[in-house]
Amino acid sequence: MLTFCILKNENSNEDLEIIETGFSLFAFIFGPIWALFKKLWFYSLIGIIFLASFNLIFEIIDLSSFFFLISLVSSFFWGFFARDLQIQFLIDKSYAPVKLINAKSKESALIKFLSEAS
């Protein structure tokens, strides 16, 4: 079973966001690009600057083989924390976490939440 965080917009009773919690394989693989698609501009920019800076530094000191290590650390960061960053971004945009639900899919989490709400 997967765990989903249900967030509700405080300004609108109809606006719900359902975000899966935990490790994200897509964020692990794509990192800052994943953040761009999720409209997490600031975090994506920080990730790209981080990777580009380390690439430049390792090129200058002729240790470009260590860039793989930095890329791996970055990938693990994105894999473990990307969904938390997405939830925090929504909280900053006037969403409030309402409930955590265990379900097999996003759709079944929504159905479970709506059936418990009525």
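## Where helix 3 ends

Helix 3 is followed by Asp62, a residue whose phi is positive, near 60 degrees. Before looking further, keep in mind that this is a predicted model.

## The length of helix 3

Let's step back into the helix itself. What span should the 20 residues of helix 3 (residues 41-60) have at 1.5 Å a residue? The expected value is 28 Å, and the end C-alpha atoms are 28 Å apart, which agrees. If you try this yourself, remember that the expected span is 1.5 Å times one less than the number of residues.

## Two sides of one helix

Now look around helix 3 rather than along it. Ser44, Gly47, Leu51 and Phe58 are buried in this helix. They cover an arc of only 80 degrees around the axis, which puts them on the same side of helix 3. A general rule helps here: an α-helix has 3.6 residues a turn, so residues three or four places apart point the same way.

Which residues are exposed on the other side of helix 3? They are Trp41, Phe42, Leu56 and Ile60. As for the buried residues of helix 3, what covers them includes helix 2 (32-37) and helix 4 (67-92).

## Two loop residues with positive phi

Lys39 is worth finding in the loop between helix 2 and helix 3. Its phi is near 65 degrees, a positive value in a residue other than glycine. Is Lys39 buried or exposed? With a relative accessible area of 52%, Lys39 is exposed, because the cut-off for that word is over 50%.

Ser94 sits in another loop, the one between helix 4 and strand 3 (95-103). Ser94 is also not a glycine, and its phi is positive, near 70 degrees. Its relative accessible area is 28%, so Ser94 counts as partly exposed.

## The largest pocket

Finally, let's visit the largest pocket, which holds about 220 Å³ of space. To trace its lining in the structure, look for Phe4, Glu17, Ile18, Ile19, Glu20, Ser24, Phe26, Trp34, Lys38, Arg83, Gln86 and Lys106.

Which element gives the largest share of this lining? Strand 2 does, with 4 residues. Strand 2 (16-20) and helix 4 each supply at least two residues of the lining. Sorted by class, the lining of the largest pocket has 5 nonpolar, 2 polar and 5 charged residues.

Note on methods. Residues are numbered from 1 along each chain as its sequence is written. This is a predicted model: local features need pLDDT of at least 70, side-chain atom pairs count only at pLDDT 80 or more; totals for chains, interfaces and linings use all residues. Side-chain values use heavy atoms; hydrogens and water are left out. Buried means under 20% relative accessible area, exposed over 50%, partly exposed in between (1.4 Å probe, protein chains only). The arc is that of the directions from the helix axis to the C-beta atoms. Contact means heavy atoms within 4.5 Å. On a 1 Å grid over the protein atoms alone, a cavity is a set of points where a 1.4 Å probe fits but cannot get out, and a pocket is an open set with protein on both sides within 12 Å along at least five of seven lines; lining residues have an atom within 4 Å of a point. Grid points are joined across faces, edges and corners, and a volume is the space filled by probe spheres set on the points. Ala, Val, Leu, Ile, Met, Phe, Trp, Tyr, Cys and Pro count as nonpolar, Asp, Glu, Lys and Arg as charged, and the others, Gly among them, as polar.
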